[in-house]
Amino acid sequence: MDWPHARDHFRIVYPTSARPLFVAGVVEREVVDISEQGMRFRLTGGETCAPGDPVNGIVRFRRGGEAKVEGTVLRVFGQDVAVHLSAGVPLRIIIDEQRYLREYHRGLAW
């Protein structure tokens, strides 16, 4: 049976209070969702970016730990930026994040 979703990797969509931070240089941005090979983060203030722009930095998770990421902007819609990661998040971290959210963030606003 075919999987009904078009994605190749499991994606974690974060509740507002549990969002990790994407840190590039001195700027910190909220990560809205993440997978092994993609992420969506929210721009801050008057920032802009465009499809094709390179992205690199560190994702710092609220439970502790971090992952170095780099990739290319795919889409920008409003303040949200979708990125394809060429150097992404290891599956082990995605699984740990899912466990953390299930255990500590039940019932929160998503």
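Which two strands form a hairpin with 2 residues between them? In this predicted model, the pair is β2 and β3, and Gly25 in the turn has a positive phi of about 70°. That hairpin is a good place to start, and the tour below follows β3 outward from there.

**Strands around β3**

Strand β3 covers residues 27-34, and β1 (residues 12-13) runs antiparallel to β3, joined by 2 bridges. Within that pairing, Val13 has Asp33 as its bridge partner. On the hairpin side, 4 bridges connect β2 (residues 21-24) with β3, again in an antiparallel arrangement. Here Leu21 stands opposite Glu30. Strand β4 (residues 38-42) is also antiparallel to β3, through 3 bridges, and these two strands make a hairpin with 3 residues between them. Look for Ile34 of β3 opposite Met39 in β4.

**The nonpolar core**

Ile34 and Met39 turn up again in the largest nonpolar core, which has 23 residues; together with Val89, they touch the most other members. At least two core residues come from each of β3, β4, β5 (54-60), β6 (66-77), β7 (80-87) and α1 (91-104). The helix α1 gives the most, with 4 residues. As a general background, nonpolar side chains in soluble globular proteins tend to be buried together.

Met39 is worth a closer look. Leaving out residues up to four places away in sequence, Met39 touches Phe22, Val31, Asp33, Ile34, Val55, Val59, Val69, Val81, Ala82, Val83 and Leu85.

**Charged pairs**

The model contains 10 salt bridges. Three of them are set out here, with the closest N to O distance.

| Salt bridge | N to O distance |
|---|---|
| Glu30 and Arg19 | 3.0 Å |
| Arg40 and Asp33 | 2.8 Å |
| Glu66 and Arg60 | 3.3 Å |

What does the salt bridge between Glu30 and Arg19 tie together? Glu30 lies in strand β3 and Arg19 in the loop between β1 and β2, so this salt bridge links parts that are 11 residues apart in sequence. The two partners sit in unlike surroundings: Glu30 has 28% relative accessibility and therefore counts as partly exposed, whereas Arg19, at 7%, counts as buried.

Are Arg40 and Asp33 buried or exposed? Both are buried. Asp33 is the residue already met as the bridge partner of Val13 and as a contact of Met39. Arg40 and Asp33 also belong to a network of salt bridges that links them with Arg11, Arg42 and Asp80.

The pair of Glu66 and Arg60 can be described in another way. Glu66 counts as partly exposed because its relative accessibility is 44%, and Arg60 is partly exposed too, at 38%.

**Aromatic rings**

How many aromatic pairs does a search of the whole structure find? There is 1 aromatic pair, made by Phe22 and Phe41, with a tilted geometry: the ring centres are 5.1 Å apart and the planes meet at 35°. Since Phe22 lies in strand β2 and Phe41 in strand β4, the pair ties together parts that are 19 residues apart in sequence. Both rings belong to buried residues, and Phe22 is also among the residues that Met39 touches.

One further ring has a charged neighbour: Arg63 lies over the face of Phe61, at 5.4 Å from the ring centre.

Terms used: Residues are numbered from 1 along each chain as its sequence is written. This is a predicted model: local features need pLDDT of at least 70, side-chain atom pairs count only at pLDDT 80 or more; totals for chains, interfaces and linings use all residues. Side-chain values use heavy atoms; hydrogens and water are left out. Two strands pair if DSSP finds at least two bridges between them. A nonpolar core is a set of buried Ala, Val, Leu, Ile, Met, Phe, Trp, Tyr and Cys residues joined through side-chain atoms within 4.5 Å. Buried means under 20% relative accessible area, exposed over 50%, partly exposed in between (1.4 Å probe, protein chains only). Contact means heavy atoms within 4.5 Å. A salt bridge is a side-chain nitrogen of Lys or Arg within 4 Å of a carboxyl oxygen of Asp or Glu. Rings of Phe, Tyr and Trp (its six-membered ring) pair if their centres lie within 6.5 Å; planes under 30 degrees apart count as stacked, over 60 as edge-to-face and the rest as tilted. A charge sits over a ring if NZ of Lys or CZ of Arg is within 6 Å of the ring centre and within 35 degrees of the ring normal.
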